[in-house]
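User: Could you take a close look at the loops here for me? I'd like to know how they sit in the rest of the fold, in one connected walk-through.

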Amino acid sequence: MAKTKPGKKDLDSYSIKGTNKVVRVGDCVLMRPSDSDKPPYVAKVDRIEADHRNNVKVRVQWYYRPEESVGGRRQFHGAKELFLSDHYDFQSAHTIERKCIVHSFKNYTKLENVGPEDYFCRFDYKAATGGFTPDRVAVYCKCEMPYNPDDLMVQCEGCKDWFHPICMGMTIEEAKKLDPFLCSDCSSEDDAKRPLNSFHVEPKVELKRRKR
Ligand SMILES: [Zn+2]
Ligand SMILES: [Zn+2]
């Protein structure tokens with residue numbers, strides 16, 4: 001059991017005001033920002049405690065959005081990507097708007113539908129230094145970028161690497177019609193006369209399946 005300060009009592013759960021939703025330690029929540037123009041803060045509830053007047057506070061571990069990190073948003077960051085920070089705060093439980101789900105990267109990529117409450121996290125983030133764990137991730141395609149789950153990729157039957165259609169000089173529709181899909185390297189080994197040999201690398205342009 002966590003130590004309790006005098007006059008404070010640890011709680012197992014908290015009911016979000018005006019709802020029947022119960023928040024427990026370990027749950028992820030959206031919290032109302034002080035500036036209502038901003039998107040809600042995302043946090044993991046680490047502790048719930050009530051003082052002697054029954055004011056409930058939660059100790060939260062913040063998730064950072066890519067734009068809130070030192071390096072900013074990068075091309076491979078997904079729209080629903082969050083970083084689990086080492087930054088903790090006490091907040092009034094009243095600022096909890098609703099619960100949300102922060103999936104592992106793998107589970108997120110398997111979701112059939114991404115709802116407004118679905119997020120994912122693949123990096124831990126040190127708020128003081130801007131450092132990430134892991135500090136290296138696999139890269140794919142000719143553009144050698146980490147996987148952004150918002151961008152459609154097709155797998156080459158030959159080398160098994162994954163590619164952005166646009167990096168291979170194709171539209172998504174064209175890439176889907178190629179069954180099996182072969183990247184330019186594999187198709188040129190296969191049949192040097194195929195017109196698909198040429199591709200242009202356009203790492204600046206990404207195909208978005210979903211918009212915020
Ligand atoms: Zn690419
Ligand atoms: Zn290939």
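Analyst: Happy to. One cut-off is needed from the start: a residue is called exposed when its relative accessible area is over 50%, buried when it is under 20%, and partly exposed in between. Please keep in mind that this is a predicted model.

Let's begin with N54, which sits in the loop between strand 5 and strand 6. Its relative accessible area is 57%, so N54 counts as exposed. The backbone of N54 has a positive phi of about 70 degrees, although N54 is not a glycine. E144 gives a second example, with a positive phi near 50 degrees in a residue other than glycine. You will find E144 in the loop between strand 10 and strand 11. With a relative accessible area of 56%, E144 is therefore exposed.

The loop between strand 10 (131-133) and strand 11 holds P134 too. A cis peptide bond joins T133 to P134, with omega at about -5 degrees. Another cis bond runs from D179 to P180, where omega is near 5 degrees. P180 belongs to the loop between helix 2 and helix 3.

Next come the metal sites. The zinc ion (ligand 1) has C141 (SG), C143 (SG), H164 (ND1) and C167 (SG) as its protein donors, at 2.0 to 2.4 Å. Along the chain these donors follow the spacing C-x1-C-x20-H-x2-C. The angles among the four donor atoms run from 101 to 116 degrees, and the site is tetrahedral. Of these donors, C141 and C143 are buried.

The zinc ion (ligand 2) is held by C156 (SG), C159 (SG), C183 (SG) and C186 (SG), lying 2.3 Å from the metal. Here the sequence spacing is C-x2-C-x23-C-x2-C. What makes this arrangement tetrahedral? The four donor atoms subtend angles of 102 to 115 degrees, and a site with four donors counts as tetrahedral because all its angles lie between 85 and 135 degrees.

Loops come back into the story at this second site. C159 lies in the loop between strand 11 (154-155) and strand 12 (162-163), while C183 lies in the loop between helix 2 and helix 3 (184-190), so the pair ties together parts that are 24 residues apart in sequence. As for surface access, C159 has a relative accessible area of 40% and is therefore partly exposed. C183, on the other hand, has a relative accessible area of 1%, so it is buried.

Two further loop residues are worth a stop. K21 is in the loop between strand 2 (13-15) and strand 3 (22-24), and its relative accessibility of 46% makes it partly exposed. Leaving out residues up to four places away in sequence, K21 touches Y14, S15 and I16. K21 and K99 are 78 residues apart along the chain, yet their C-alpha atoms are separated by 7.9 Å. E67 is placed in the loop between strand 6 and strand 7 (81-92). At 42% relative accessibility, E67 is partly exposed. E67 and H77 are 10 residues apart in sequence, with 9.8 Å between their C-alpha atoms.

What lies beneath? The largest nonpolar core has 38 residues, of which M31, V58, I96 and F181 touch the most other members. Strand 4 (28-31), strand 5 (41-50), strand 6 (56-64), strand 9 (118-126) and helix 2 (172-177) are the elements that give two or more residues to this core. Strand 6 supplies the largest share, five residues. Domain 1 (9-134) and domain 2 (140-196) each contribute at least three residues to this core. Take M31: not counting residues up to four places away in sequence, its contacts include P40, Y41, V58, W62 and I96. Apart from the largest core there is another core of 10 residues, among them V42, L82, L84 and C121.

To finish, here is the wider frame for these loops. The chain has three helices and 12 strands, and 38% of its 212 residues are buried. Among contacts with a separation of 6 or more, 53% are between residues 24 or more positions apart. The accessible surface comes to about 12,900 Å², with 49% of it belonging to carbon and sulfur atoms.

Key: Residues are numbered from 1 along each chain as its sequence is written. Chains are lettered from A and ligands numbered from 1 in the order in which they are written. This is a predicted model: local features need pLDDT of at least 70, side-chain atom pairs count only at pLDDT 80 or more; totals for chains, interfaces and linings use all residues. Side-chain values use heavy atoms; hydrogens and water are left out. A nonpolar core is a set of buried Ala, Val, Leu, Ile, Met, Phe, Trp, Tyr and Cys residues joined through side-chain atoms within 4.5 Å. Buried means under 20% relative accessible area, exposed over 50%, partly exposed in between (1.4 Å probe, protein chains only). Helices (H or I, at least four residues) and strands (E, at least two) are DSSP runs, numbered from the N terminus. Domain bounds come from an automatic or database domain assignment. Contact means heavy atoms within 4.5 Å. Donors are N, O and S atoms within 2.8 Å of the metal (3.2 Å for Na, K and Ca); water is not among the atoms, so sites may look incomplete. Four donors count as tetrahedral if all angles lie between 85 and 135 degrees; four count as square planar and six as octahedral if opposite donors are over 155 degrees apart and all others between 65 and 115; anything else is irregular. Accessible areas come from the Shrake-Rupley method with a 1.4 Å probe; for residues, only the protein chains shown count as cover.
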